[in-house]
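Student: Before we discuss this protein, may I see it? I should then like to ask why certain terms are applied to it.

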Amino acid sequence: MRKTKMMLLGVLLATASAAWAAPATGIQKYELKEFIADFTSFKIGDNVPAMYLTPEYNIKQWQLRNLPAPDAGTHWTYMGGNYVLIGDTDGKISKVYDGEIFYHR
């Protein structure tokens with residue numbers, strides 16, 4: 001009985017640690033929660049400087065960069081080597097991907 005309990009405990013621990021340490025796959029591995037651009041630290045929920053709301057910073061060919069389609073009322077921009085999804089009017093950050101997503105295949 002003791003041997004069975006120890007084996008069960010070993011299996012549970014191995015399963016739990018494998019699930020905990022599972023690496024992100026697909027484009028999720030490029031997802032960021034915070035980044036630095038223009039000598040400033042940004043995180044999801046922050047507002048970007050007004051210049052990123054101008055047409056010059058709007059990435060229209062997001063598919064070529066392996067980015068998901070922007071939600072209605074948002075657009076992709078490029079900040080500090082990262083792709084940042086921001087609100088069209090308020091510039092609020094809703095998603096960030098490392099610039100390396102460009103090379104994702």
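**His75 and its surroundings**

Tutor: Let us begin with a polar contact of 2.7 Å, which joins the side chains of His75 and Asp88. The model is predicted, so local features need pLDDT of at least 70 and side-chain atom pairs count only at pLDDT 80 or more, while totals for chains, interfaces and linings use all residues. Residues are numbered from 1 along each chain as its sequence is written, and side-chain values use heavy atoms, with hydrogens and water left out.

Student: What makes the approach of the side chains of His75 and Asp88 a polar contact?

Tutor: A polar contact is a pair of N or O atoms within 3.5 Å; within protein, one must be able to donate a hydrogen and the other to accept it, and residues adjacent in sequence count only if both atoms are side-chain atoms. The side chains of His75 and Asp88 are joined at 2.7 Å, which is within the 3.5 Å limit. A polar atom of the His75 side chain also lies 3.3 Å from the backbone oxygen of Tyr52.

Student: Why is His75 called buried?

Tutor: Buried means under 20% relative accessible area, exposed over 50%, and partly exposed in between (1.4 Å probe, protein chains only). His75 has a relative accessible area of 5%, and it is therefore buried. Among its contacts (heavy atoms within 4.5 Å), leaving aside neighbours within four places in sequence, are Tyr52, Leu53, Tyr57, Pro70 and Asp88.

**Strands and sheet**

Student: How do you know that S4 and S5 pair?

Tutor: Strands (E, at least two residues) and helices (H or I, at least four) are DSSP runs, numbered from the N terminus. Two strands pair if DSSP finds at least two bridges between them. Strand S4 (residues 74-79) and S5 are joined by six bridges and run antiparallel, so the criterion of at least two is met. His75 belongs to strand S4, and its bridge partner in S5 is Ile86.

Student: What of S1 and S6, with two bridges?

Tutor: Two bridges join S1 to S6 in the antiparallel sense, and at least two are required, so these strands pair. The bridge partner of Leu32 in S6 is Val96. S5 and strand S6 (residues 93-98) are paired over five bridges, again antiparallel.

Student: Why do S1 and S4 stand at the edges?

Tutor: The four strands form an open antiparallel sheet in the order S1-S6-S5-S4. Strand S1 (31-32) and S4 each have a single partner strand, so one side of each is left without a neighbour in the sheet.

Student: How covered is strand S5?

Tutor: Six of the six residues of S5 (residues 82-87) are buried. Asn82, Val84 and Ile86 lie on one side, with Tyr83, Leu85 and Gly87 on the other.

**Core and rings**

Student: What makes up the largest nonpolar core?

Tutor: A nonpolar core is a set of buried Ala, Val, Leu, Ile, Met, Phe, Trp, Tyr and Cys residues joined through side-chain atoms within 4.5 Å. The largest has 10 residues, including Phe35, Phe42, Val48, Val84 and Ile86. Strand S2 (34-37), S5 and S6 each supply at least two of its residues.

Student: Why is the pair of Phe35 and Phe42 called stacked?

Tutor: Rings of Phe, Tyr and Trp (its six-membered ring) pair if their centres lie within 6.5 Å; planes under 30 degrees apart count as stacked, over 60 as edge-to-face and the rest as tilted. For Phe35 and Phe42, the centres are 5.5 Å apart and the planes differ by 20°, so both conditions for a stacked pair are satisfied.
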